[in-house]
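Thanks for coming. I have a few slides' worth of notes on one structure, and I will keep to ring contacts and strands. Please have the picture open while I talk.

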Amino acid sequence: MTSDTTSRPPNGFLSALSADDFELIQPHLRTVDLVQGCVLVEVGERLKRVYLPHRGLISLVVKLAKGEHVQIAMIGRDSIYGAFSTLGDAAAINSAVVLLPGVASTVELDRFRDAADRSASLRTQLARHGLAAYAQIQQTAACNAAHTVESRVARCLLQTNDLAGGNELVLTQESLAQMIGARRNSVSLVANTLQQAKFIHYSRGHIEITDIEGLGKTSCECYATVKAHYERLLRLRCV
């Protein structure tokens, strides 16, 4: 049976499902607003719902003992938050916070598990999306440890642009510092440098990417590496 994507919510995971797999979860889909700053789950809590963004971004965050918050991955319109929880342990190993506001489809975790139990192809899709997020986590850890703040900011802005689907991003310097594990004053200096180079325009918590190519040359190889993993595992492109 061919997949009919015309009436589906605008999410890459849902669009890639076969018609039969989509029918397993379609009756349970609900639409919710993603409110910026809303905590979807805290570390150690049981995840109750999976989220499939149409627009907006979910940030996966690790909280350290001294109070620091470091982002390890982002889930956007091409994927699903809760893939591995659907296949295994429902206890969250990190916090999930709405980074950019938007809209998402959501399904109760138990309902999604029931559907996955009935379909090997749906389990395969969940595993691929879980591995894509894991690849992002690995590359982010290496990037934050080895690369300059400037290249990390550029990488993060490019990833955010791809996953959110727009060049205008509602991000404070504090949020951006958390995203790359750096100090706010360092991010402020880099943002000024990128603005002077006319790669971005920054004003009052709004960042507009004005030169994708220039930002790409500033970024480290981690942006292209993660994108290649996503395209291989998900067979999707952010457009």
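Four bridges connect strand 7 with strand 8, which covers residues 206-209, and the two run antiparallel. Keep in mind that this is a predicted model. For one position to look at, find H201: opposite this residue stands E208, in strand 8.

In general, the strands of a sheet pair through backbone hydrogen bonds, and the pairing can be parallel or antiparallel. Here, the sheet is open and has three strands in the order 6-8-7, with antiparallel pairing. Which strands are at the edges? They are strand 6, residues 168-170, and strand 7, residues 200-203, and each of these pairs on one side only. On average, neighbouring strands of this sheet are turned by 15° against each other, if direction is ignored.

Now the rings. How many aromatic pairs does the structure hold? One. The pair is made by F13 and F112, whose ring centres are 6.2 Å apart. Why is the pair called tilted? The planes of the two rings stand at 55°, and tilted pairs are those that are neither under 30 degrees, which is stacked, nor over 60, which is edge-to-face.

Where do the two residues sit? F13 is in helix 1, residues 12-16, while F112 is in helix 4, residues 109-117, so the pair ties together parts 99 residues apart in sequence. Are they buried or exposed? Both F13 and F112 are buried.

One last ring: R8 lies over the face of F22, 4.3 Å from the ring centre. That is the end of my notes.

Methods: Residues numbered from 1 in each chain as written. Predicted model: local features only at pLDDT ≥ 70, side-chain atom pairs only at ≥ 80, totals over all residues. Heavy atoms only, no water. Phe/Tyr/Trp six-rings, centres within 6.5 Å; stacked < 30°, edge-to-face > 60°. Buried < 20%, exposed > 50% of the residue type's maximum accessible area, 1.4 Å probe, protein only. Lys NZ or Arg CZ within 6 Å of the ring centre and 35° of its normal. Pairing = 2+ DSSP bridges. Axes fitted to C-alpha atoms, helices over the stretch in contact; angles between N-to-C directions.
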